[in-house]
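Welcome, and please open the structure in your viewer. We will go from one selection to the next and see what is there.

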Amino acid sequence: MPVIEYKCPNCGGGMEFDSGTGMLSCPSCGRKDDIGQIPDPLKQQVFTEDEVKEYHCESCGAVIVTEPETSATSCSFCGSAVVLSERLTGKLAPAQVIPFAISKEEAMTAFKKWCRKGRLTPKGFMTADRVQGITGVYVPFWLYDLHNDIDVHGHGTKVRSYTRGDYRITETEHYEIYRKIRLDYARLPVDASQKMNDELMDKLEPFPYDRLKPFKTPYLAGYIAEKYSYTDEELTPRAKEKTAPYVESYIASTVSGYTTVNLSDKQVHTQVKRSDYVLLPVWMVYYDYNRKPYIFAMNGQTGKIVGNPPISKGKVAAWFAGISGITFLSLKLVAWMMGGGWL
């Protein structure tokens, strides 16, 4: 079938993934099933790209309309959690998934607490009562294993000065530098959704990759899921770009101890050893303040929150005034201690 729903064998209600227990749970009667023991229907069915033209809710028969990237959602009429199976098979099938560990209620509580910590945000914003929506989304990522071959040529100097008799002597030693480096990066994440803000997704890292599980559709029940917008080949340049600061830092660590270093030639050859398509859990919070929308994101496993809240000009001015006042008093105290007194 093109639409997968999980019905409770006890009461017939729609079952959803419970982030607290890690099981498929029925909100109506409380039944809980071990996902590991549930056969995944995607392993028995194969769909071609043009086989299914329309999606229908198995519970109420309503037509389900989604954006092309959506692979799991809820029926707008009866609320049933559904998985659009043709968007999760073949090349679109994720290899692994990190399930949600934080519930919607826990995410909302954490967000309100995070808002109250904003020292430079407007007072009205910190009440966090303008949340327009909070959505649990499985965001598509490519996890890359990269191998880097690096060749570095350069010139370094070591300078030392000492006194001999009446003379101050400075000695400069010159060195030709060559480094041949092998660097491997495992599970480098790059988000593959066109709709997601890359900066926000980067700041959510790291995800606990030791909690990756083989993909099964029950994990998606009750959440929104997106399929990738970009292939691993298309995102390889961005993966290389993300490793660049680490490569530079490692190279710098290998040429420490010199007074000066001038690297004249640096060749970095990066090879993709492996790329896996995975789904990672993210709570998206949509907030309205002074008629302007703000978007925040929370790591669905670690609880880390990122975003750019509004800044209060009054609080910023007061903060700078406070810093200036402290600096002024400090200078006066130093002057008094040195005998200068107060003006």
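**First stop: a serine and its neighbours**

Select S275 and show what surrounds it: leaving aside residues up to four places away in sequence, S275 touches W142, L143, Y144 and D232. Keep in mind that you are looking at a predicted model. Of these neighbours, D232 deserves a closer look, since its side chain and the side chain of S275 make a polar contact at 2.6 Å. S275 itself lies in strand β14.

**Along β14**

Now colour β14, residues 260–289, together with strand β9, residues 96–97. The two strands run parallel and are joined by two bridges. To find one partnership, pick V97, whose bridge partner in β14 is L279.

Next, add strand β15, residues 292–299, which pairs with β14 in the antiparallel sense over eight bridges. Which residue stands opposite P293 of β15? Select D288 and you have it. Then move to the hairpin of β14 and β15, where two residues sit between the strands. There, N290 takes a positive phi near 55 degrees.

**Last stop: a tyrosine in β10**

Jump to strand β10, residues 131–164, and select Y162 within it. Is Y162 buried or exposed? Y162 is buried, because its relative accessible area is 16%, below the 20% cut-off. Show its contacts too: not counting residues up to four places away in sequence, Y162 touches Y167, R168, I169 and E171. With E171 there is also a polar contact, side chain to side chain, at 2.7 Å.

Definitions and conventions
Residues are numbered from 1 along each chain as its sequence is written. This is a predicted model: local features need pLDDT of at least 70, side-chain atom pairs count only at pLDDT 80 or more; totals for chains, interfaces and linings use all residues. Side-chain values use heavy atoms; hydrogens and water are left out. Two strands pair if DSSP finds at least two bridges between them. Helices (H or I, at least four residues) and strands (E, at least two) are DSSP runs, numbered from the N terminus. Buried means under 20% relative accessible area, exposed over 50%, partly exposed in between (1.4 Å probe, protein chains only). Contact means heavy atoms within 4.5 Å. A polar contact is a pair of N or O atoms within 3.5 Å; within protein, one must be able to donate a hydrogen and the other to accept it, and residues adjacent in sequence count only if both atoms are side-chain atoms.
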